[in-house]
Amino acid sequence: MQRFINDPNLVVEDTVKGFVKAHSDILRLGQNPRVIVAKDAPVAGKVGVITGGGSGHEPGFMGYTGKNMLDAVAVGELFSSPTAKSFHDAIREANGGTGVICLYGNYAGDNMNVKMAVRLAAKEGIEVATVVANDDVCSAPPHEREKRRGVAGEIFMWKIGSARATQGGSLEEVRAVAQKAIDNCRSIGVGLGPCTLPAVGHPNFQIEPDTMEVGIGHHGEPGVRVEPLKSAEAIARDMCQIVLDDHNLPAGTEVAVLVSGLGATPLNELYILNDTIETEISARGLIIHRTYIGNYFTSLEMVGATLTVFALDAETKALLDVEANCTMKL
Amino acid sequence: MTDNAARVIGRMFSDISIAIDAHKDHLTALDGAIGDADHGITMSLGFNAVTNELAGMDLDHVAASAVLASAAAAFLNAVGASTGPLYASAFLQAAKVLEKSETLSLENHVEMIVAMTAGIQERGKGQRGDKTMLDAWIPATEAAIKAQNDGADVRVLWNEVIHAAEAGANATRSMVAARGRAARLGERSLGHVDPGAASAVIILRAMKNRLDFS
């Protein structure tokens, strides 16, 4: 496959360099070159909000740094948790003196590195709270929700937590509302084509022609079932059914809907999916407050899409509407 | 002239790094089957960072335990993923063993294997049968203790350790992953050797080749 890279081993370095140059109006490179920091961070007296994750999900993680959004983001290798040191340095960069919250995804590596970083920060007197995202419905059954992966729902968790911090929320208040946000998110991914780590050079799994992987992970983890490829309408209906059955929301609930491409799916196909998604969600009596469509959280050049449905209440709806300035429209 | 303990540990890490680099593509392929195909790259990155760090140390004038502690820090600062914290904990625990007596006695070989496994287990909260690196480390540890109790010499002991680690790694083929990224695959992880268990065997084999001559 033909790609725009210089050196397969320097993909993350080169990405970060170009990223910081492009967005110097809203963010900067931290002292640790694997940490991205919002231009105004740390804000004295405000709870610092950070995340971190592997690269390859752009704009995932680093693209959500900014005003009224994340104060700092730890950057990992492609598809690999950032180091404990990078998480620790992100905590330091975000520390405005009233504690820092780390809002991250449920992956073994991230769990361990965050835990070590929290301990290092505590030794310096920085209080750190954490919320772990687990919105990916297909990654574990409902009774094992704590095992589920965090995927695109993390964006809503960041938005809600960051907005609450901006409004002067205490560390506990920010933690509680970020937890509420992710508890009310459900996501599903469908993969039509695999992705390739440049340093590996070939896809790490195959999706046979005319098939699709339902429940695919954000790192090319194979899905939980393989099915013949169907029409966009049928796929969108399946995605809605899986997400909404798990969600079990009463009619009249307001929701935010996020349809994200996984990297190589054109935007028009996301709109084709959304045509059915809107119909299906509305047919269940749910009220769509806002819809987000685009490459919000990708997996290199994977072909596919994710659907996230975020059930709102008065508090999270108001926080969702707080204006933010990051690289993506939120 | 015999190398001092610090130098042996230094060479051991360079052996591990060479062995991991030689198996990088294989580890990555194993990970590609059930994970995200980064294991070979991550391990190579980590051990290269360790050897770079150790190259800057004067191994004639530091304690062997300090070499292990430096290796732990270098590995942790270079590697995120789950392998970073897991092996950093392993080397740190091994360093604590040598802090008590800076010799590479057979007793300390066994204690280091025991401590490394305990470090990994404590950090990752894993169990035997979860289809992780512990499925190589735990049998290796049991074999080391048993061989020691049986009065085995250094060669026999390490042969038993490697044999048990290899058998443990091979057994992961018939396990359903319970931890790590492959855990989300459920039964679809069956039939594939766990890449973390495979790299554990490579590490133990490199340790054996260096330590059973020391």
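**Figure 1. E280(A) and R237(A) pair up in a salt bridge, with their closest N and O atoms 3.6 Å apart.** This view, like the others here, comes from a predicted model. The two partners belong to distant parts of the chain: E280(A) sits in helix 7 (residues 267-283) of chain A and R237(A) in helix 6 of chain A, 43 residues apart. Is E280(A) buried, exposed or partly exposed? E280(A) is partly exposed, with a relative accessible area of 23%. R237(A) is partly exposed too, at 36% relative accessibility.

**Figure 2. A salt bridge joins the side chains of D183(A) and R145(A).** The N to O distance here is 3.9 Å. D183(A) is part of helix 5 (residues 171-183) of chain A, while R145(A) comes from the loop between strand 6 (128-133) and helix 4 (153-166), so this pair ties together parts that lie 38 residues apart in sequence. D183(A) is partly exposed at 32% relative accessibility, but R145(A) is buried, with a value of 17%.

**Figure 3. E172(A) and R175(A) make a salt bridge inside one helix.** Both residues lie in helix 5 of chain A, three residues apart, which is about one turn of the helix. Their side chains meet at 3.0 Å, N to O. E172(A) is partly exposed, with a relative accessible area of 46%, and R175(A) is partly exposed with 26%. Pulling back for a moment, the structure holds 35 salt bridges over all chains. Side chains of opposite charge can pair when their charged atoms come close.

**Figure 4. Four residues of chain A are linked in a network of salt bridges.** Which residues take part in this network? They are K85(A), D89(A), R92(A) and E124(A).

**Figure 5. Chain A meets chain B through 35 residues on its own side and 26 on the side of chain B.** The area buried between the two chains is about 2,300 Å², and carbon and sulfur atoms give 57% of that. Which elements of chain A give two or more residues to the side that touches chain B? They are strand 4 (72-78), helix 2 (84-94), helix 3 (108-123) and strand 9 (225-228). Helix 3 of chain A supplies the largest share, six residues. Sorted by type, the residues on this side of chain A come out as 15 nonpolar, 11 polar and nine charged. How many salt bridges are counted between chain A and chain B? The count is zero. Two residue pairs are in polar contact across the interface, though, both at pLDDT 80 or more.

**Figure 6. C102(A) and C240(A) are cysteines that sit buried in chain A.** Each has a relative accessible area of 1%. A search of the whole structure finds zero disulfides over all chains. For C102(A), the nearest cysteine sulfur is that of C185(A), 17 Å away. Why is there no bond from C240(A) to C138(A)? The closest cysteine sulfur to that of C240(A) is in C138(A), and at 13 Å it is too far for a bond.

**Figure 7. Two cis peptide bonds in chain A lead into prolines.** One joins A41(A) and P42(A), with omega about -5°. P42(A) is in the loop between strand 2 (35-38) and strand 3 (48-55) of chain A. The other runs from E58(A) to P59(A), with omega near 5°. P59(A) lies in the loop between strand 3 and strand 4 of chain A.

**Figure 8. N248(A) and K125(B) each have a positive phi without being glycines.** For a bit of background, most residues other than glycine have a negative phi, and most peptide bonds are trans. The phi of N248(A) is about 55°, and that of K125(B) is about 55° as well. N248(A) lies in the loop between helix 6 (232-247) and strand 10 (254-261) of chain A; K125(B) lies in the loop between helix 6 (106-124) and helix 7 (134-149) of chain B. N248(A) is exposed, with a relative accessible area of 64%, whereas K125(B) is partly exposed at 46%.

**Figure 9. D246(A), a residue of helix 6 of chain A, is buried.** Its relative accessibility is 19%. Leaving aside residues up to four places away in sequence, D246(A) touches V137(A), P142(A), R148(A) and R186(A).

Technical notes:
Residues numbered from 1 in each chain as written. Chains lettered and ligands numbered in written order. Predicted model: local features only at pLDDT ≥ 70, side-chain atom pairs only at ≥ 80, totals over all residues. Heavy atoms only, no water. Contact = heavy atoms within 4.5 Å. Buried area = accessible area lost by both parts, 1.4 Å probe. Polar contact = N/O pair within 3.5 Å; in protein donor to acceptor, adjacent residues only side chain to side chain. Helix = DSSP H or I, 4+ residues; strand = E, 2+ residues; numbered from the N terminus. Nonpolar A, V, L, I, M, F, W, Y, C, P; charged D, E, K, R; others polar. Disulfide = S-S within 2.5 Å. Buried < 20%, exposed > 50% of the residue type's maximum accessible area, 1.4 Å probe, protein only.
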